[in-house]
There are 2 protein chains.
Amino acid sequence: MADSTDPRVTRSREAILSAARELLREDGPAAVTHQNVAKRAGVGRATVYRHWPQPRMLLDDTMAGVRMPFFRDPAPPVRPWLARQMRTLADELALPEVQAVTAALLHGTPEEPDASARREHLIATISGQLGTALDSATRTGELQPSADLLDAPATIIGPLVFRSMFERRPVTDAMIDHLLNALGTWTAPST
Amino acid sequence: MADSTDPRVTRSREAILSAARELLREDGPAAVTHQNVAKRAGVGRATVYRHWPQPRMLLDDTMAGVRMPFFRDPAPPVRPWLARQMRTLADELALPEVQAVTAALLHGTPEEPDASARREHLIATISGQLGTALDSATRTGELQPSADLLDAPATIIGPLVFRSMFERRPVTDAMIDHLLNALGTWTAPST
DNA sequence: TGCTTCTGAGTCAAGTTGTCTCATAAGATG
DNA sequence: CATCTTATGAGACAACTTGACTCAGAAGCA
């Protein structure tokens, strides 16, 4: 049943998850209840319970379905790679779904006590990737950091989050550029 | 009744709001229900309904009771004033209450459709104060901005928010200093 | 075709929400 | 101190939600 290929199952699951994502996006995590989801998905309430006995799991899978922005596969030269990642991150942070999940990560609902763990994991991954990339840039001489690189995630990503989620305005390329400059002195690698 | 001085009323109201704040801090906005608040405050459920017929209003007043960090009363020289404000903001962002309200601002609960308005107002106030201060610093020559000052709120406050709410680590004075430097070139005013 | 499995509709108990009533006690007024 | 006023807590109440269960029937499979 878990990995069933029965088309009825997949159809139900997809309808349910899609409805759940809509609800999460529109009304927040609290709205992702079995009843709401069933009604929105045009599916029997019992069916939702069958697939996700606990509401926590439903919200979990719903959030997992929203691709959270990562800093994947660092590759030299670091600066243009970082700029691309920041651009992607900024664009994704503009999506209501991603905003909803991000907000949900910040204060776990009562039914989602794992929000802290999920948040920590996300942050650890991002910081790890970013740290690796910046360390390597420092080692190759591409970057001379002007401050503790442990502050880099906050310095770089913080403004993007603030701009997207608090100010709700688009992140400009100029802003990304300026944030990169604030990290330290960049030297174009041997071309 | 609204501005009653009856000690019974004030006693009830304070007990209720205090309990509501605790719940908001501990379990998030969704936990601020009449029932929960009444039980926690040791007060009849009807009493809570009497004072706040709509749950929205209760959550509203609860959030209003949490002092949100502002950038008040800009005064030259701007740089040390800004550093102090950022220190204060960072310290407040470390408080669970402030974090809960901030998170609630990011995604209004269904019962709190005014969250957007509240968020916009808060951001507008902060950006306004910050903009005024930085403009004046630019005019007096204290600051030569290295980027669009409209990005300043995101550049300055974003990292503090990210550090406090996502990374959950303390903001160092060195980080504040570095963020200020990233704004542009500062010139000590005539001493 | 016949067999298996998933589905939707519906029932049910337990709990929550919002509204109302009423005796009581706390506070104001003389 | 006596009396009037008003907020309070307890409880009753219907409407609704939640989670668990049953069952006939439809969809998929052999």
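Helices (H or I, at least four residues) and strands (E, at least two) are DSSP runs, numbered from the N terminus. This is a predicted model, in which local features need pLDDT of at least 70 and side-chain atom pairs count only at pLDDT 80 or more, while totals for chains, interfaces and linings use all residues. Residues are numbered from 1 along each chain as its sequence is written, chains are lettered from A and ligands numbered from 1 in the order in which they are written, and side-chain values use heavy atoms, leaving out hydrogens and water.

**Stop 1: DNA strand C**

Select DNA strand C and the residues near it (a heavy atom within 4 Å). There are 21 residues around this strand, and A:Arg8, A:Ser12, A:Thr47, B:Arg8 and B:Arg11 come nearest. Sugar or phosphate supplies 61% of the strand C atoms within 4 Å of the protein; bases supply the rest.

Now look for polar contacts (pairs of N or O atoms within 3.5 Å; within protein, one must be able to donate a hydrogen and the other to accept it, and residues adjacent in sequence count only if both atoms are side-chain atoms).

- A:Arg8: a polar side-chain atom sits 2.9 Å from a base oxygen of strand C.
- A:Arg50: a side-chain N or O atom is 3.2 Å from a base nitrogen of strand C.
- A:His51: a polar side-chain atom is 3.3 Å from a phosphate oxygen of strand C.

Colour by element next. Two or more residues of this surface come from each of α1 and α3 of chain A, and α1, α2 (34-41) and α3 of chain B. α3(A) has the largest share, five residues.

**Stop 2: DNA strand D**

Move to DNA strand D. Of the 21 residues around it, A:Arg8, A:Arg11, B:Arg8, B:Ser12 and B:Thr47 come nearest. Sugar and phosphate make up 63% of the strand D atoms that come within 4 Å of the protein.

- B:Thr47: a side-chain N or O atom is 2.6 Å from a phosphate oxygen of strand D.
- B:Gly44: a backbone N or O atom lies 3.0 Å from a phosphate oxygen of strand D.
- B:Arg50: a side-chain N or O atom is 3.3 Å from a base nitrogen of strand D.

Which element gives the most to the surface near strand D? Select α3(B): five residues.

**Stop 3: a cavity**

Hide the DNA. Select A:Phe166, B:Met68, B:Thr102, B:Leu122 and B:Ile126, which lie nearest the centre of the second largest cavity among its 14 lining residues. α7(B) gives the largest share of the lining, four residues. A cavity is a set of points, on a 1 Å grid over the protein atoms alone, where a 1.4 Å probe fits but cannot get out; lining residues have an atom within 4 Å of a point.

Definitions and conventions. On a 1 Å grid over the protein atoms alone, a cavity is a set of points where a 1.4 Å probe fits but cannot get out, and a pocket is an open set with protein on both sides within 12 Å along at least five of seven lines; lining residues have an atom within 4 Å of a point.
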